[in-house]
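Reader: I have a model open on my screen and would love a close look at one part of it. Could you take me through the largest pocket and the elements around it?

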Amino acid sequence: MAKIIDEVSRTFSEYLLIPQLTLSKHTSSNVSLKTPLAKFSRNQPSRFYLNTPFVSASMQSVSGSEMAIALARQGGCAFIFCSQSIKDQAAMVSRVKYHKAGFVPSDSNLRPDNTLAEAVALRKKTGHSTMPVTHDGTKEGLFLGILTDKDFWEYEDDLNAPVSSFMTSKDQVVFGTLGISLHDANSLLQKHKKECLPILDEEGHLRALVFKKDYFDHMNNPDELLDTRKRLSTGAGINTHDYSDRIPALVDAGTDVLCFDSSDGYTEFQKNAAQWARKKYGESLVIGGGNVIDGNAFRYLVEEADVDFVKVGIGGGSICITREQKGIGRGQASALMAVVAERDRYFSETGIYVPVCSDGGLANDTQIIIALAMGADFVMMGRYFAMTAESPTPKVSIGGRVYKPYWGEGSNRARNWQRYQTADQGSGLKFEEGIDAYVPIVGSVKEVLGVTTSKLKSTMCNMGSLTLREFAENTVLTRISEQSFVEGGTSNVLSLDKDLPREI
């Protein structure tokens, strides 16, 4: 006979927070949104932190390299989608790692005998206007000088002339030596009013570049999520089929964290893949598992698969129809509270804290806040980020409004057969677990996250909290009735936005 869980499966919209005492210190400027992503032992730091508790879903219509760059600048992390070739996914990761960094390996290099025409072609190919000149044209060749687009006039100068006739030679270039700190490198840029500082080793070989623009990018985005080399951090999705080839390629490309992309992670397939990765890379690899909706599944992934964090949620996404198609799932609030309770029991028993990510079922900022109040360490979102300018899909005009396509990884459009394939299935989807839709464009990642974080920090102050851990510990929730929900909106008034006629 089937076992029945008596508790009703509940959603975030069924709860409200009861404010706690707000002290004078509880101001938004004092609130920290830093949160652990990787497991850690009691009284020890995590191996990986987010500066803001937001990550983007590993979806074709959400997480490309542009999204990863934009989200890392705001302190979050994107999981670049794995439903593409290994080569293409690794290339996306590489673009993020080399987009902005403290010390950047040069990937636009020339020999002194290259023609100006070849320099112009290289600039157009890479988009880089600063091109070091080395003896052999490699990124670590003997440094001879530097060529920028300010050194020549493309439509006036002789394009057949050698680069050596236009470059600024080494004896005229301000450079730093290998081992210099980033602070001192930026000081040299400021002192000499330069845009770029080559970094040379003792033998005079080029080792890296430091750019002025990167300094200002950082100052304008103080919550940037950076790795130890001052590069933007990014995550990547993986599956349980080609992991032995995909994971090494992603690690070589520089990815900071990996996460299994699966609608149901309570499987031996995921355990085997995670164990393989842990055996090969040890604790240096940060890897997440999921998705799960109860404590037993959480324990399995933590104890058997040895993952660093666990994603919670089945069927709650705005374009996910897993519950409808297969009858599996759970209200996201109930699922999250069950897993959080198991996480806390596990921490009490072992002294090991495993972060929990709430994935799906977040329709608005209020529900994001509720999820974090219920104990999620961070949240993963698809639709939220699909509506931003940085999502990888093209703009579409429908009825005079601008939208972007948004589809689930379980839809036929995604052609993500491996995500749902089992040993006895052929290629192709027998049925869909996601739909194909459109979402309105709402702004840039920086703009939409700015609003969400402002609301979150304000609510945390209402709850007498300055950290997300305090927020979860101080939270008192109340369930609401249907009438309470109605009462929470506007009533008995004419809305200027909805009810009153507009002048034409």
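Author: Happily; here is a walk through the largest pocket and then the strands that belong with its lining.

First, a word on the basis: this is a predicted model, where local features need pLDDT of at least 70, side-chain atom pairs count only at pLDDT 80 or more, and totals for chains, interfaces and linings use all residues. Residues are numbered from 1 along each chain as its sequence is written, and side-chain values use heavy atoms, with hydrogens and water left out.

The largest pocket holds about 930 Å³ of space. A pocket here is an open set of points on a 1 Å grid over the protein atoms alone, where a 1.4 Å probe fits, with protein on both sides within 12 Å along at least five of seven lines; lining residues have an atom within 4 Å of a point. The volume is the space filled by probe spheres set on the points, which are joined across faces, edges and corners.

Of the 37 lining residues, S129, T130, C196, L209 and F211 are the closest to the centre of the pocket. By class, the lining has 13 nonpolar, 12 polar and 12 charged residues. Nonpolar covers Ala, Val, Leu, Ile, Met, Phe, Trp, Tyr, Cys and Pro, charged covers Asp, Glu, Lys and Arg, and the others, Gly among them, count as polar.

Where does the lining come from? At least two residues each are supplied by α2 (86-99), β7 (130-134), β8 (143-148), β11 (196-200), β12 (206-211) and α5 (212-220). The largest share, five residues, is from α2. These names follow DSSP runs numbered from the N terminus: helices are H or I with at least four residues, strands are E with at least two.

Now to the strands. β11 and β12 belong to an open sheet of three strands, in the order β10-β11-β12 with mixed pairing. The edges are β10 (176-177) and β12, each with a single partner strand, so one side of each is left without a neighbour in the sheet. Strands pair if DSSP finds at least two bridges between them. β10 and β11 run parallel and are joined by two bridges; in β11, L200 is the bridge partner of T177.

Elsewhere in the model, β13 (residues 235-238) and β14 also run parallel, joined by four bridges. G237 stands opposite C259 in β14.
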